[in-house]
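Please read the report below with the sequence and the structure side by side, and look up each residue as it is mentioned.

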Amino acid sequence: PEAVHPGTRYRRYPRHRQCNRSDRLHGYLALLQLDQPDARYDHSVGSSYVPVYRKEEFQKQYCDPAEKLGMECTSGRTSFRLWSPVAEEVQICFYKNGEAGSAFEIHPMQLQEHGIWNYETKQSLHGIYYDFLLKIEGEQVQSADPYAKACGVNGLRSMAVDLRKTDPVMWESDKAPEKEAEQIIYELHVKEFSWDASGGFPVEVRGKYPAFCCKDTSLYGDGKHPTGLSYLKNLGVNYVQLMPVYDYGSVDEAGRADGFNWGYDPLNYNVPEGSYSTDPFHGEVRIRELKEAIQALHRQGFRVIMDVVYNHTYSLDSWLQKTMPWYFYRVWEDGSVSNGSACGNDVASEQAMCAKYILESVLYWAEEYHMDGFRFDLMGLLDVELMNRIRKELDARYGTGEKLVFGEPWRADETAVEGNALLADKAHIHLLDEQVGMFSDDTRDAIKGSVFEAEEPGFANGGKDLEEQILASVKAWCGQKEPKVKAPSQVITYVSAHDNHTLWDKLCETTASEELRRKQYRLAAGMYLTCQGIPFLLSGEEFARTKGGRDNTYNAPITINRLDWEQAYKEQELVEYYRGLITLRKMLPGLWDKSAQAAKRILKTWKTDGCVGLYVDNQTKEKAELWKTLCIVYNGSEKQQEVKLLKGTWEVLADGEDSFLWKHPQIAAEHMKVSPVSILILGKKEESR
Ligand code: CA
């Protein structure tokens with residue numbers, strides 16, 4: 001067939017076939033699902049390139065993952081290297097401005113080995129914007145640099161950047177705080193964090209990176225009620241997970257409207273998002289401001305996790321596609337575009353140069369921005385080999401397990417993965433490194449009910465026959481037939497995240513009585529915070545965050561998404577309850593042990609209808625623990641339950657009302673009562689010798 005370069009005629013949003021309603025669908029993508037199929041995507045365009053790429057000769061001649069690609073800029077040299085074996089010629093265009101104006105210089109690039117186009121100069125081009133003009137199949141294609149490290153407003157032109165000029169003061173000595181025995185992850189959106197006036201942030205930084213650098217913020221600036229990082233420090237979480245901070249496409253950075261988006265629509269993978277910066281027009285500012293934010297988080301005692309979305313791009317009309325059509329995307333044999341992401345395209349992580357791209361991007365964020373962990377969106381679309389390689393390379397550079405790696409072990413639909421590649425999903429958890437984790441939807445749904453059937457309850461809100469799932473959740477599913485989890489380090493335990501209803505809104509769907517709902521809320525919190533696995537919570541869960549019943553707010557107004565710091569003080573008792581549970585958990589190795597042997601700590605379990613109990617071995621070799629054994633009871637029923645404790649002296653550490661009882665423990669009765677819809681945590685004292 002006559003080859004047509006698709007890049008020049010792409011629509012801004014890809015058209016693609018309507019997905020089946022998949023239970024893993026990121027509903028926010030519904031917006032992109034246009035009604036008419038586009039002939040170019042559904043027929044042979046992709047397939048005319050793909051067979052060439054998959055030939056061994058092509059791979060031998062052109063795919064060398066050891067090649068350095070992208071822009072490098074120092075005081076005495078700037079170089080650009082672009083991989084495009086299919087291009088007939090490539091020129092580089094330089095601009096003074098990141099958005100407007102025509103090129104002031106255009107230079108041909110030289111074709112080198114492995115299909116790499118090179119241009120270099122002995123000058124520093126720091127601050128100069130650029131893009132490429134390629135000739136492919138006789139047609140001109142203009143594209144920004146897929147490897148760009150900086151860009152102009154809205155990411156449409158790349159920028160040469162001398163990265164050392166973007167470092168904040170003392171950046172070279174920036175260090176993450178020491179890793180604590182337990183990791184507690186708090187999911188936060190940059191704009192949501194500081195946008196609301198109640199946070200007391202200065203007006204000019206609200207919704208921006210520099211808000212993280214504001215110390216001692218308080219409720220409307222009253223000086224009494226901490227907000228922001230001081231509040232989080234007090235809460236006890238130690239990892240802040242930033243929702244997408246790479247450059248995404250859905251918000252106008254020029255600020256012509258006060259747009260909001262979660263940001264799961266990557267445009268420039270290796271550049272920070274510009275709408276969070278105080279000046280998105282100058283490419284170096286967003287870089288410095290994000291680094292300063294990370295530095296401030298580190299100084300305040302938090303490690304930082306980056307939410308990364310390598311499974312799909314904003315549109316199929318990406319820089320990767322424009323410079324190397326169809327190499328980076330999965331295509332079905334009939335030529336139609338694979339859409340397991342439900343976002344219009346699937347990135348082909350199993351292809352050598354694509355795997356290289358993703359791996360190098362992760363390493364770049366770890367090295368250049370000092371990121372302490374990575375949360376992979378729809379990890380079930382990436383492949384096992386790549387995820388294990390990422391783990392290995394991070395371990396080699398920073399020490400085993402030092403950087404967290406985990407992701408969503410699912411996808412929205414089938415994907416056209418090639419060769420023998422296995423997908424990094426729940427079914428393949430046993431093939432992933434012990435330090436690659438997955439969100440456990442099983443634990444989440446067992447505790448509070450399905451995220452897709454709003455009215456379906458879980459154990460904590462009146463669901464029936466869930467006792468076995470709860471016991472499996474406690475052990476982070478270790479020892480189960482499916483999923484074959486190797487150790488609790490592979491499991492992220494949670495009951496709320498940015499997707500779906502907040503915990504409060506979910507319980508509103510299942511439970512009419514507010515009094516009962518509040519008990520269920522505490523029980524749900526107590527349950528996931530006493531499961532083995534890595535605890536994770538959506539920002540504001542601890543103050544009963546609501547989005548007014550909406551289950552998908554990816555592009556809803558900021559007024560719905562913003563953190564309401566006033567709410568944190570209206571719900572101060574609930575926040576205290578969370579704080580107590582978090583503080584207690586950090587003292588209980590029986591719960592935070594992440595080793596493959598952790599499940600053996602669950603000594604004895606029992607269940608009745610709506611009630612589950614267990615004993616946990618809480619001893620360590622290193623030191624004498626305050627409590628040798630724990631007894632934990634989850635009473636999901638509306639009846640009072642009773643436990644007959646094993647012999648010994650038991651102290652009451654927490655119940656459904658108070659999670660700080662351990663501070664002044666009372667001795668437990670032999671027959672201990674467990675109130676309706678509540679948790680009870682007891683600790684057995686070390687026997688005196
Ligand atoms: Ca952007």
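In this predicted model, the side chain of Arg411 makes a polar contact with the side chain of Asp425, at 3.0 Å. A polar atom of the Arg411 side chain also lies 2.5 Å from the backbone oxygen of Gly380. Arg411 itself belongs to the loop between strand E16 and strand E17, the latter spanning residues 436-439.

**Salt bridges**

By the rule applied here, the count of salt bridges comes to 43, and three of them are set out in the table with the distance between their closest N and O atoms.

| Basic residue | Acidic residue | Closest N and O atoms |
|---|---|---|
| Lys68 | Glu72 | 3.8 Å |
| Lys403 | Asp372 | 4.0 Å |
| Arg391 | Asp395 | 2.7 Å |

How exposed to the surroundings are the partners of these bridges? Lys68 is exposed, because its relative accessible area of 56% is over the 50% cut-off, whereas Glu72, with a relative accessible area of 32%, is partly exposed. For the bridge between Lys403 and Asp372, Lys403 counts as buried at 7% relative accessibility, and Asp372 is buried as well, with a relative accessible area of 3%. Both Arg391 and Asp395 are likewise buried.

The positions in the sequence add to this picture. Arg391 and Asp395 are 4 residues apart in helix H9, so about one helical turn separates them. Salt bridges that share partners also join Arg164, Asp167, Lys291 and Glu368 into one network. Lys403 forms its salt bridge with Asp372, and that pair links distant parts of the chain, 31 residues apart, with Lys403 in the loop between helix H9 (384-398) and strand E16 (404-407) and Asp372 in the loop between H8 and E15.

**Charges over rings**

Lys403 appears again in another kind of arrangement, for it lies over the face of Tyr398, at 4.4 Å from the ring centre. In a similar way, the charged end of Lys96 sits over the ring of Phe104, 4.1 Å from the centre of that ring.

**Aromatic pairs**

A search of the whole structure finds 36 aromatic pairs. In one of them, the rings of Trp83 and Tyr327 have their centres 4.8 Å apart and their planes at 80 degrees, and the pair is edge-to-face because that angle is over 60 degrees. Trp83 lies in strand E2 (residues 77-83), while Tyr327 lies in the loop between helix H7 (319-323) and helix H8 (352-368), so the pair ties together parts that are 244 residues apart in sequence. Are these two residues buried or exposed? Trp83 counts as buried at 2% relative accessibility, and Tyr327 is buried with a relative accessible area of 1%.

A second example is formed by Tyr310 and Phe376, whose ring centres are 6.2 Å apart and whose planes meet at 40 degrees, so this pair is tilted. The pair links distant parts of the chain, with Tyr310 in the loop between strand E14 (303-308) and H7, and Phe376 in strand E15 (residues 373-376), 66 residues apart. Both Tyr310 and Phe376 are buried.

**The calcium site**

Which residues coordinate the calcium ion? The donors are Asp247 and Glu253, each through OD or OE respectively, together with Tyr248 through O and Glu273 through OE, at 2.2 to 2.4 Å. Along the sequence, these donor residues are spaced D-Y-x4-E-x19-E. Two of the donors, Tyr248 and Glu253, are both buried.

**Paired strands**

Strand E7 (residues 129-136) and strand E8 (residues 139-143) run antiparallel and are joined by 5 bridges. Within this pairing, Leu133 has Gln142 in E8 as its bridge partner. The hairpin of E7 and E8 has 2 residues between the strands, and Glu137 in this hairpin takes a positive phi near 55 degrees.

Strand E23 (residues 641-644) also pairs with strand E25 in the antiparallel sense, over 4 bridges. Strand E25 (residues 671-674) has a covered face made of Met672 and Val674, and an uncovered one made of His671 and Lys673. Opposite Met672 in E25 stands Val643.

Technical notes:
Residues are numbered from 1 along each chain as its sequence is written. This is a predicted model: local features need pLDDT of at least 70, side-chain atom pairs count only at pLDDT 80 or more; totals for chains, interfaces and linings use all residues. Side-chain values use heavy atoms; hydrogens and water are left out. Rings of Phe, Tyr and Trp (its six-membered ring) pair if their centres lie within 6.5 Å; planes under 30 degrees apart count as stacked, over 60 as edge-to-face and the rest as tilted. Buried means under 20% relative accessible area, exposed over 50%, partly exposed in between (1.4 Å probe, protein chains only). A charge sits over a ring if NZ of Lys or CZ of Arg is within 6 Å of the ring centre and within 35 degrees of the ring normal. Donors are N, O and S atoms within 2.8 Å of the metal (3.2 Å for Na, K and Ca); water is not among the atoms, so sites may look incomplete. A salt bridge is a side-chain nitrogen of Lys or Arg within 4 Å of a carboxyl oxygen of Asp or Glu. A polar contact is a pair of N or O atoms within 3.5 Å; within protein, one must be able to donate a hydrogen and the other to accept it, and residues adjacent in sequence count only if both atoms are side-chain atoms. Two strands pair if DSSP finds at least two bridges between them.
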